[in-house]
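Q: I am new to this structure and would like a close look at a single part of it, explained with care.

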Amino acid sequence: MKNKDKKRRKQLQAKIDQIDGYRRYCDDDVEIRRGKYGHGVYAVRQFLPGELVFEVKGQMISQKKYAGSDYVMEFSRKWFLEPGIPAAFLNHSCSANAELARISKDALGLVAICNIEPDSEVTFDYQWEPHEWTPRCRCGAPNCRGWVVAEDAVDKMRKIAKKNKRRNRT
């Protein structure tokens, strides 16, 4: 794609965002805002521990037929959930203030696990499996694990990272 085409595409996307409000989602409880690490979900009001922040809606896709995206959530052994807005803008934190919970046979919800004050970013712990492509964590929490992996997978991720580092030197 030519540089000129990329610029035009970016301009058109900005226009679509403006018309459709794609990155401007807002309801009475949460809204999408630009934050320190790009867009995120922010509380408009206070949420108490155990309170449903919102239902995670999206498209259910067979794991056999889909490699996933940066946003995909594992729903079950057979299904992925490709989340819609606002869930697609949820960021990871090693010290998350919300967690995903199965709220029915075919629905996930984001539930507060501590007080979430208005204007706070709503985050959850992705707890990804360690892979070569697993990103470093930038959450800045005092208990940051360094990677976007589950706590019990940190040692495995360190080994993978060490192996990759050696491989990249040669």
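How many of the six residues of strand 9 (residues 107-112) are buried, and what surrounds this strand?

A: This is a predicted model, in which local features need pLDDT of at least 70 and side-chain atom pairs count only at pLDDT 80 or more, while totals for chains, interfaces and linings use all residues. Residues are numbered from 1 along each chain as its sequence is written, and side-chain values use heavy atoms, with hydrogens and water left out.

Six of the six residues of strand 9 are buried, so the strand is largely enclosed by the rest of the structure. Here buried means under 20% relative accessible area, exposed means over 50%, and partly exposed lies in between, with a 1.4 Å probe and protein chains only; strands are DSSP runs (E, at least two residues) and helices likewise (H or I, at least four residues), numbered from the N terminus. The cover extends to both faces of strand 9, since Ala107, Gly109 and Val111 are buried on one side, and Leu108, Leu110 and Ala112 are buried on the other.

Strands of a sheet pair through backbone hydrogen bonds, either parallel or antiparallel, and two strands are said to pair if DSSP finds at least two bridges between them. Strand 9 pairs with strand 3 (residues 52-56) in the antiparallel sense, over four bridges, and in this pairing Leu52 stands opposite Val111 of strand 9. Strand 8 (residues 98-104) also pairs with strand 9 in the antiparallel sense, here over six bridges, and Glu99 has Val111 of strand 9 as its bridge partner. Val111 therefore appears in both settings, as the residue opposite Leu52 and as the partner of Glu99, while also belonging to the strand of which six of six residues are buried. Strand 8 is moreover joined to strand 9 by a hairpin that passes through two residues.

For contrast, one may turn to the loop between strand 10 (121-124) and helix 2 (154-169), where Asp152 lies. Asp152 counts as exposed because its relative accessibility is 74%. The loop between strand 10 and helix 2 also holds Val148, which counts as buried because its relative accessibility is 6%. Val148 and Gln127 are 21 residues apart in sequence, and their C-alpha atoms are 6.2 Å apart in space.
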